[in-house]
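Let us walk through the charged side chains of this protein. Keep the sequence and the 3D view open side by side.

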Amino acid sequence: MNATHYKRPESVLVVVYTWHGDVLMLQRVEPPDFWQSVTGSLRWGESAADAACRELSEETGLQSADRLVDCQRRNTFPIVPPWRDRYAPGVTTNTEHVFKIELPCRPAIRLSPREHRDLRWLPRAAAATRSSKRGTAGPCVRKSDRSTPTTASMSACVTSCRPYGIITPAPAC
């Protein structure tokens with residue numbers, strides 16, 4: 001089988017959050033208890049930045065390519081056995097490119113019903129706890145430096161970043 005018939009073992013993670021530190025979490029249709037940020041695979045010949053923009057639009061309806069920031073972080077994780085047949089024989093790991101987008105408020109989100117059933121805007125620590133994708137990137141939003149929030153592993157973020165105490169949720173747009 002030609003390599004382009006298999007899924008490319010590279011993906012993007014787009015962490016969407018507000019100036020106030022609220023993080024967008026999406027609940028997948030399958031498995032139904034799986035929560036994550038915006039994610040998706042790169043198509044053959046597609047750049048990580050283009051994939052991040054496409055996935056953000058497909059999964060949320062947001063058209064904000066000019067605000068996407070490449071965190072210059074890559075995560076590698078094993079592909080779970082039930083999904084390995086989507087990849088070429090012998091491929092067992094995926095490389096994830098991490099992006100972030102900071103918004104001034106909570107915009108209206110249009111979910112793709114084929115992929116997601118619900119969404120939540122959660123404070124940083126709650127988003128880290130809710131994330132089903134352990135070991136992938138999540139935001140560590142620092143109020144003192146909104147322009148460059150640190151991106152770290154979801155679980156490490158909660159414990160390693162200085163807490164800033166989100167006092168009020170972000171307003172809706």
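What follows is a short tour of the salt bridges in this predicted model.

Start with the overall count. Searching the whole structure turns up 9 salt bridges. Three of the pairs are worth a visit, among them R43 with E58, R54 with E55, and D70 with R74.

Go to R43 first. R43 pairs with E58, and their closest N and O atoms are 3.5 Å apart. R43 sits in the loop between β4 (38-41) and α1 (48-60), while E58 belongs to helix α1, so this salt bridge ties together parts that are 15 residues apart in sequence. How accessible are the two partners? R43 is partly exposed, at 47% relative accessible area. E58 is also partly exposed, with a relative accessibility of 29%.

Now move to R54 and E55. Their side chains form a salt bridge, at 2.8 Å from N to O. Is this pair buried or exposed? Both R54 and E55 are buried. Buried here means under 20% relative accessible area, and the values for R43 and E58 are 47% and 29%, so those two fall in the partly exposed class instead.

These two pairs belong to a wider arrangement. A network of salt bridges links R43, E46, R54, E55 and E58.

Finish at D70 and R74. This salt bridge spans 3.6 Å between N and O. D70 is partly exposed at 28% relative accessibility. R74 is partly exposed too, with a relative accessible area of 37%.

Terms used:
Residues are numbered from 1 along each chain as its sequence is written. This is a predicted model: local features need pLDDT of at least 70, side-chain atom pairs count only at pLDDT 80 or more; totals for chains, interfaces and linings use all residues. Side-chain values use heavy atoms; hydrogens and water are left out. A salt bridge is a side-chain nitrogen of Lys or Arg within 4 Å of a carboxyl oxygen of Asp or Glu. Helices (H or I, at least four residues) and strands (E, at least two) are DSSP runs, numbered from the N terminus. Buried means under 20% relative accessible area, exposed over 50%, partly exposed in between (1.4 Å probe, protein chains only).
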